[in-house]
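This briefing goes through a single protein structure, topic by topic. Please keep the sequence and the model at hand while reading.

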Amino acid sequence: LLAVAGPHPPEPVVVPVDGRDFPAASAAAPRPGLRIAYCADVARIGIDPEVERVARISAFALRDLGCTVEEVDLDLSAHRRAFMQLRGQFVLNGGLDMLDRVDRLGANFAGNLRFGLAQSPRDLAEGERSRARLLAAMAAFFARHDRLLTPCAPVPPFPVEQNYPERVGGRKMETYVDWLAPTFVFSLTGLPVLCVPAGLDRSGLPVGLQVVGPRWNEEGVLSLGAALERVAAMPAPPFGD
């Protein structure tokens, strides 16, 4: 984080990092009484029961460190469409020079370009308005809570040959990126988010937990993430010859 943070001449918008010590924050224990909220499914796409079980155990284990942990009902599903709208514009911005050969591109990328082309100014305005509402909702949320914990992926790792999981918790996904909604709703916000290992499911596959904090509070997110890693005590993966 230190290597990529701070001023960079070509970037018009940066946050100064003078005096901020991210490694020290990672080593600092969470303060007693930290108000932590846990939500199993912020995007309302469903979640694998075993993934949720592991994530929940890890989250509530923070009570042993003096933190306050409570389950909350945070529904950010209304903003999933905003991500698709703004993402469509982003992909189109980067792919303008490829429109003459879109039929020769990969199916996923070509589909994203076509989605961006098909959008109207109204679609983009709706996406920006939805993002503004999400930012306001998260600011209000962090007035009541210090951190948010929620599973990273709603399903266990799947075979690399599989493009995406078509179903999550028995529910059919609408698009090939829909299963990523628990993470991409936070990409809309610009808030600091850290993904840490929460443990292994009964099949020995890893489960991840997101730590979300208020704006510009990377230090608090790093501190809690390090505490979660200690609580989870994730075993190192085996290595071949």
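The notes below cover the sheet, the salt bridges, the nonpolar cores and some single residues.

The model is predicted. An open sheet of five strands, with mixed pairing, follows the order β2-β1-β3-β7-β6. The salt bridges number 15, and the largest nonpolar core holds 29 residues.

**Sheet**

- In the five-stranded open sheet, ordered β2-β1-β3-β7-β6, the edge positions belong to β2 and β6 (193-200). Each of these two has a single partner strand, so one side of each is left without a neighbour in the sheet.
- Direction ignored, neighbouring strands of this sheet are turned by 25 degrees against each other on average.
- Strand β1 (residues 35-38) and strand β2 (residues 68-71) run parallel and are joined by four bridges. Within this pair, I36 has V69 of β2 as its bridge partner.
- Between β1 and β2 the chain passes through helix α2 (residues 49-60), and the resulting β-α-β crossover is right-handed.
- The pairing of strand β3 (residues 147-151) with strand β7 (residues 206-212) is antiparallel and spans four bridges. T150 has Q210 of β7 as its bridge partner.
- Helix α7 lies across β1, β3, β6 and β7. The helix runs at about 5 degrees to β6.
- In a regular strand, side chains alternate between the two faces of the sheet.

**Salt bridges**

- Side chains of opposite charge can pair when their charged atoms come close. The count for this model is 15 salt bridges.
- E219 and R20 form one of them, with 2.8 Å between the closest N and O atoms. E219 lies in helix α7 (residues 218-232) and R20 in the segment before α1 (22-27), so this pair ties together parts that are 199 residues apart in sequence.
- E71 and R56 form another, with the closest N and O atoms 2.9 Å apart. Because E71 belongs to strand β2 and R56 to helix α2, the pair ties together parts 15 residues apart in sequence.
- Both ends of that bridge are partly exposed: E71 has a relative accessible area of 43%, and R56 has 27%.
- R81 and D123 also form a salt bridge, their closest N and O atoms being 3.5 Å apart. R81 is in helix α3 (residues 80-95) and D123 in helix α5 (residues 121-144), so parts 42 residues apart in sequence are tied together.
- R81 is partly exposed, at 48% relative accessible area, whereas D123 is buried, at 17%.
- R20, E218 and E219 are joined into one network by salt bridges that share partners.

**Nonpolar cores**

- In soluble globular proteins, nonpolar side chains tend to be buried together.
- Which residues touch the most other members of the largest nonpolar core? They are L74, L76, M138, F141, L148 and F186, out of 29 residues in that core.
- Two or more residues of this core come from each of α3, α5 and α6 (181-187).
- L76 is in contact with V42, L134, M138, V185 and F186, leaving aside its neighbours within four places in sequence.
- Another core, of 23 residues, lies apart from the largest one, and its members include L34, V51, V54 and V69. V69 is also the β2 bridge partner of I36.

**Single residues**

- R44 is not a glycine, and its phi is positive, near 60 degrees. R44 is placed in the loop between β1 and α2, and at 26% relative accessibility R44 is partly exposed.
- W216 likewise has a positive phi in a residue other than glycine, near 65 degrees. The loop between β7 and α7 holds W216.
- Is A118 buried or exposed? With a relative accessible area of 65%, A118 is exposed. A118 lies in helix α4 (residues 107-118).
- The C-alpha atoms of A118 and G88 are separated by 9.2 Å, and the two residues are 30 residues apart along the chain.

Terms used
Residues are numbered from 1 along each chain as its sequence is written. This is a predicted model: local features need pLDDT of at least 70, side-chain atom pairs count only at pLDDT 80 or more; totals for chains, interfaces and linings use all residues. Side-chain values use heavy atoms; hydrogens and water are left out. Buried means under 20% relative accessible area, exposed over 50%, partly exposed in between (1.4 Å probe, protein chains only). Two strands pair if DSSP finds at least two bridges between them. A crossover is right-handed if, with the strands pointing away from the viewer, the path from the first strand over the helix to the second runs clockwise. A salt bridge is a side-chain nitrogen of Lys or Arg within 4 Å of a carboxyl oxygen of Asp or Glu. A nonpolar core is a set of buried Ala, Val, Leu, Ile, Met, Phe, Trp, Tyr and Cys residues joined through side-chain atoms within 4.5 Å. Contact means heavy atoms within 4.5 Å. Axes are lines fitted to C-alpha atoms, for helices over the stretch in contact, and angles run from 0 to 180 degrees between N-to-C directions.
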